[in-house]
Amino acid sequence: MEIGSGLTIGLILGTVIGVAAMLIWVERRLLGLWQERLGPNRVGPLGLFQVVADMIKIFTKEDWTPPFADKFSFVLAPAIIMTVVLLSFAVIPFAPNIGIVDSNIGILFVLAMASIGAYSVMLGGLSSDNKYALLGSLRAAAQMVSYEVFMGISLLGVVALSGSFDLREIVHAQEDMWFVVPQFIGFVIFLIAGVAESHRLPFDIPEAEQEICAGYHTEYSGMKFGMFFVGEYLGLVLVSSLITVLFFGGWMGPAFLPPVVWFALKSGVFICFFILLRAAIPRPRYDQLMSYGWLFLLPLSLLNLLVTGALILMN
Amino acid sequence: MLTQIWLMPTLPLLGFLSLVLTAGTLPKRAVAVIGAGSIGLAFLVALSVAIQFLASGEEAVTQSLWVWMSVGGFNPGFSFYIDGLTVVMMLVITGVGFLIHLYSTGFMIDDPSYSRFFSYMNLFVAAMLTLVLADNLVLLYLGWEGVGLCSYLLIGFWYTNPENGYAARKAFVVTRVGDTSMALGLFLLFAQLGTLNIQDMLHAAEAEWQVGSGMAIAAALLLLGGAVGKSAQLPLQTWLPDAMAGPTPISALIHAATMVTAGVYLIARTHVVFELAPSVQELVAWIGLITLLMSGFTAMAQHDIKRILAYSTISQIGYMFLGLGVGAWSAAIFHLMTHAFFKALLFLGAGTVILSLHHEHDIFKMGGKRKQLPVAFLSFLIGGLALTAFPFTSGFFSKDEILLAALALEGPGTILWLGGVIGAFFTGIYTFRLIFVVFFGESKGHDQEKEVAGWNMAGPLFVLMLLSLVGGFISIPVDAVFAHGEEHAEHHVSTLIHGIMIVVPLIGIAISYLFYCSGQLSIDKLMASKLAQSLHRFWFSGWGMDKLYDGLFVRPFVALARLNSKDFIDWLYGLLVSLTRWGNALVVKSQTGYLRWYALSIALGLAVLLTLGVTL
Amino acid sequence: MQGIPYEHGLILASILFAIGLVGVLTRRNIVFLLMSLEIMLNACGLAFIVASARWEQADGQVMFLMILTLAAAEVAVGLGLIIQLYRRYHTVDIDRLSEMKG
Amino acid sequence: MTLLFYLAGAVAVISTLCVIVQTNIVHALIYLILSLLAVAVVFFSLGAPFAAVLEAIVYAGAIMVLFLFVIMMLNLGQHSRDQERSWLQARGWILPGTLAAVLLVQLLNVLLVIDHDFVPTEVGVLEVSALLFGPYVLAVELASILLLAGLVAAYHLAKK
């Protein structure tokens, strides 16, 4: 396989979407495991076909658009999240010879896509013309715009160490030592910001079923909802892959396994970690989340950047 | 050597700053220590500087601290200059000033603004020291104005009484007239001679100006204007009697050590300019003579103990001007010094009288107080004798020198001498009138009061008594300063002349005795005629100078202002305003308040500009 | 690679600028107004980038960054003003705010 | 690259046109975002990838979010459409349109005089950063002060 060929693109897209779909089952099973209950186990062996059943259900459901909604934005919103997350995968280097593009602005591209992704949630909520949806999207807007800032700054330590925005270069720069060691603080901040960006539990404040009744996608059903749903799982995969690439040496690992398997393994660990987070931690209040970000994470990430810069200059 | 010169003005300044910045929070004892102590230290510094200077035998010493400003060729510095004249002045200022401060610590003890009083006093001394130590006229002018400011502050010290504020304002405004003249003089000197460093300027003047040339006359006249204002000479003398509104130690300070002597000092300092303009110098003499006669008459008519002394000061400064005018520079400075001693003594004595008698100023309500107020009586007796030039007191020697110098002058010398002698006669009359009325005869009230004189008040009085008695034997080291200008001709002066000068004041004392003590001649009989009454009124009001100025300047100015109350010039500007308004109303129409309209006009302007840019 | 005539970039910038200008001149909604202003600012930034590419110097991009910063600050303040105005007048009609005249 | 430039340029022009004729403010905003992204692509095609990404992150991603946020807060959504429509009279377009056209023609007139082809060479992040923290460091500081001022002002203005 060669970077950027049509076959690679197709394979990557298919794998990613497949993994995202499989996550529906994985998450529910793991949650069941951790919460000492069963989870889906009826359809097929170990309930594996639950994914297929869900897909059939979601495709055949009535794709209903509320008459009071702004149709243009309403349809556009779920498409945006799918598009930007899938586009983000374009710059991820899965293995030495697997990837779509090598861009010298890789990280910036991912950040740009993440910032565009915010529109999906906002437009979805706004166009629904529903107070819960509006509340959800207001929360989402503030949360995503805020955490984008810390996400970007936490990455700058890695960028400074590797001297490049190119993700493949960054992986190469970790041959001696994974960046998680010198950039542990950056890693933690990125982890938190990543959860917030993909508004997964415990930071699913824009959705928050108990308070605002699923937030921005209250009015969505059928495949449009499915796109939000899959988009969220895609985001999860993306954040895990990014953590792997940026802090854990990407595809690198002992030679007894091929590089792409190492990549998948590392990413899988983080995916499971995120699911564990969901199982273990309660949701904070909205204002707690915001003050935590601006008053704690922002100074911390700036300090991290400052110290990193100073150390690099000293050497 | 002599590096501690800068300490002299700095110490009082530090005293001033520490008192001002603590804003009256210090206890009175601390204020007294700071206020009087800073001057005392300055006096010690002055003494050591003087001794070192005299021992070194040099003609002059300059200490440059820093350049004040530098504009083109004009760069006056903060530089101090010391020669014989300065030594005399600074010793008088710090010495007499210290005695007055010491006296004040007792005199002002009951005043709520104790700290403010001493801060002003310290600033006053600092400014005066700057004035006499300055080596250039700009720094001198700084001290000059500082002195003016302090006199304003001190005369209006009891500012709650509007009259005191008025007196302070009057002093400030009247001296301002003189200051303006002096500033003009400075401009002229700089424009003509290119420097304001006093010594350089004097040399340049000598080199460039002919004797009697127009420039020299103009410069000398302008400087004289400044001196006349500060020293309260005709025609700017009217502020001084009103300046009695301040506390008595201030009067002592203004009259004896600072302020009024500044004019004398200025003329002595720039004497070369005056020598180049003999006509102006003669004018100085005439001003002095007329002033001393006029104020002598006025003093005879006053009732207020301090006003009598005030007019006597004007008169004595008149003597100094007379001395300056006839070229007896060192005699004038000598008289300045002795006058400082006995006038400080008289004022402080008057202060004791006033304080003891609960702020009684009218001499005709006292009487027979010599037992009741022994220290004050002694002060007045010795001070009065010195003032009337009683033989072998300090005033005798200095006045003698001036009058002899006047006599020696060719031309008007005899008249000047005669006038001076008549003035001395008057001095005898009014001085002892004061003493006889206050301390002899029958008591006319205030019988119960005890004399208020602690050691800090009596001490300075005794020192000043001693100085007034023997001050005439001090020889002042100013010969070098005036060496080239002094007329040292040893005239043969007949014993007759000496006799006249000794006897005339004694006659005055005798007449005073006959009128006011023994009662053999009655003042009421003298006052019976209408002419005498109107003369008395005339003199009492100080020759009607205040009225004259009121009629000459104030009223015409007010009338003019009233005439122009519609303000003709303003009307012209009003036209301009209405034109602008009209144009404004026209342009205002374009301000519609619609943002779109503004954006449109900007775009339109851009289009026009682009068109012009492309086509042109 | 075929070259791009660099005036084409400037022409694009001019067109965007003109469109933004029309927006500013026509719209009454103050939010639209601000958006049109952003279009104009962005067009200026484009012109700078074109110049930067033409001369192969990074200065143009620096200027673009400055414009970006300016736009961010401007929008923050502008939107704050809009919120305040809406609270006070309950309208987004810029023509209602024409008291500052004459 | 050349094709990308013209394509993105066309998208930018069309979507910008859509912005100013829209009556629905949310749609206008979406078009504006599209226009900005298209301009970002133009930047990319001109060899300024850094500027392109910043255009996407800051302009499209942050500034426009603020707009959307305010639209949400003012509840301007679909309800103001009728009002917008009543404000947008055909004759309101004539004068601005003419003026802008004149201006555009003048600009084109000036621009078309010059003729010079160039191949976009990439000016990367490093060069820009070196300039930013070298000769333009003062400008950067000023910009940060400006942002701070904007922050404070916006906070103050939007406060109740």
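Trainee: How many residues of chain A are in contact with chain D, and how many of chain D with chain A?

Mentor: There are 26 residues on the chain A side and 24 on the chain D side. Keep in mind that this is a predicted model.

Trainee: What area is buried between chain A and chain D?

Mentor: About 2200 Å², and carbon and sulfur atoms give 78% of that.

Trainee: How many salt bridges between chain A and chain D?

Mentor: Zero.

Trainee: OK, what about chain D and chain C? How many residues does the contact take from each?

Mentor: Chain D puts in 83 residues and chain C puts in 69. The area buried between them is about 7000 Å², with 79% of it from carbon and sulfur atoms. The salt bridge count across that interface is zero as well.

Trainee: What does chain C look like in secondary structure?

Mentor: Chain C has one strand and three helices, and along the sequence the pattern reads β-α-α-α.

Trainee: What share of chain C is buried?

Mentor: Of its 102 residues, 68% are buried. Chain C still exposes about 3600 Å², of which carbon and sulfur atoms supply 62%.

Trainee: And what percentage of its contacts join residues at least 24 apart?

Mentor: 57%, taken among chain C contacts between residues at least 6 apart in sequence.

Trainee: Switching to packing. Which residues have the most contacts inside the largest nonpolar core?

Mentor: Leu246(A), Leu46(C), Met64(D) and Phe67(D), in a core of 187 residues. The largest share of this core is 18 residues from helix H3 of chain D, residues 49-74.

Trainee: Is there a separate core, and what does it include? Put better: which residues of chain B does the second core include?

Mentor: The second, separate core has 171 residues, and Ile155(B), Val228(B), Ile317(B) and Leu387(B) are included in it.

Trainee: Back to Leu46(C). What is it in contact with, leaving aside neighbours within four places in sequence?

Mentor: In its own chain, Leu46(C) contacts Gly9(C), Leu12(C), Ala13(C) and Leu16(C). From chain D, the partners of Leu46(C) are Val39(D), Val42(D), Phe43(D) and Leu46(D).

Trainee: I also had Leu86(A) selected. Where does it lie, and what does it touch?

Mentor: Leu86(A) lies in helix H3 of chain A, residues 71-88. Not counting residues up to four places away in sequence, Leu86(A) touches Leu13(A), Val16(A), Ile17(A) and Leu234(A). Leu13(A) is 73 residues from Leu86(A) along the chain, and their C-alpha atoms are separated by 7.5 Å.

Trainee: Chain B next. Is helix H11 buried or exposed?

Mentor: Buried. Ten of the ten residues of H11(B), residues 260-269, are buried, so the helix is largely enclosed by the rest of the structure. Those buried residues include Thr261(B), Tyr265(B) and Arg269(B).

Trainee: Where in chain B is there a nonpolar surface patch?

Mentor: Look at the stretch that holds Phe568(B), Trp571(B), Leu576(B) and Trp582(B), which are among the residues making a patch of about 1200 Å². Leu576(B) sits in helix H24 of chain B, residues 568-588.

Trainee: Why is Leu576(B) called exposed?

Mentor: Because its relative accessible area is 52%, and the exposed class starts over 50%.

Trainee: Now charges. How many salt bridges over all chains?

Mentor: Six in the whole structure. One of them joins Arg285(A) and Asp287(A), at 2.9 Å from N to O. Asp287(A) is partly exposed, with a relative accessible area of 40%.

Trainee: What does Arg176(B) pair with?

Mentor: Arg176(B) has a salt bridge with Glu145(B), closest N and O atoms 2.5 Å apart. That pair links distant parts of the chain, with Arg176(B) in helix H6 (residues 162-193), Glu145(B) in helix H5 (residues 137-155), and the two positions 31 residues apart. Arg176(B) also meets Asp179(B) in a salt bridge, 3.2 Å from N to O.

Trainee: How far apart are Asp179(B) and Arg176(B) in the helix?

Mentor: They are three residues apart in helix H6 of chain B, so about one helical turn separates them.

Trainee: Is Asp179(B) buried or exposed?

Mentor: Buried, at 1% relative accessibility. Arg176(B) is partly exposed at 25%.

Trainee: Which residues make up the network there?

Mentor: Glu145(B), Arg176(B), Asp179(B) and Lys230(B), joined by salt bridges that share partners.

Note on methods. Residues numbered from 1 in each chain as written. Chains lettered and ligands numbered in written order. Predicted model: local features only at pLDDT ≥ 70, side-chain atom pairs only at ≥ 80, totals over all residues. Heavy atoms only, no water. Core = buried A, V, L, I, M, F, W, Y, C linked by side-chain atoms within 4.5 Å. Buried < 20%, exposed > 50% of the residue type's maximum accessible area, 1.4 Å probe, protein only. Helix = DSSP H or I, 4+ residues; strand = E, 2+ residues; numbered from the N terminus. Contact = heavy atoms within 4.5 Å. Patch = residues over 30% accessible without salt bridge, like charges linked within 9 Å, V, L, I, M, F, W, Y side chains within 5 Å. Areas by Shrake-Rupley, 256 points an atom, 1.4 Å probe, with all protein chains shown as cover. Salt bridge = Lys/Arg side-chain N within 4 Å of Asp/Glu carboxyl O. Buried area = accessible area lost by both parts, 1.4 Å probe.
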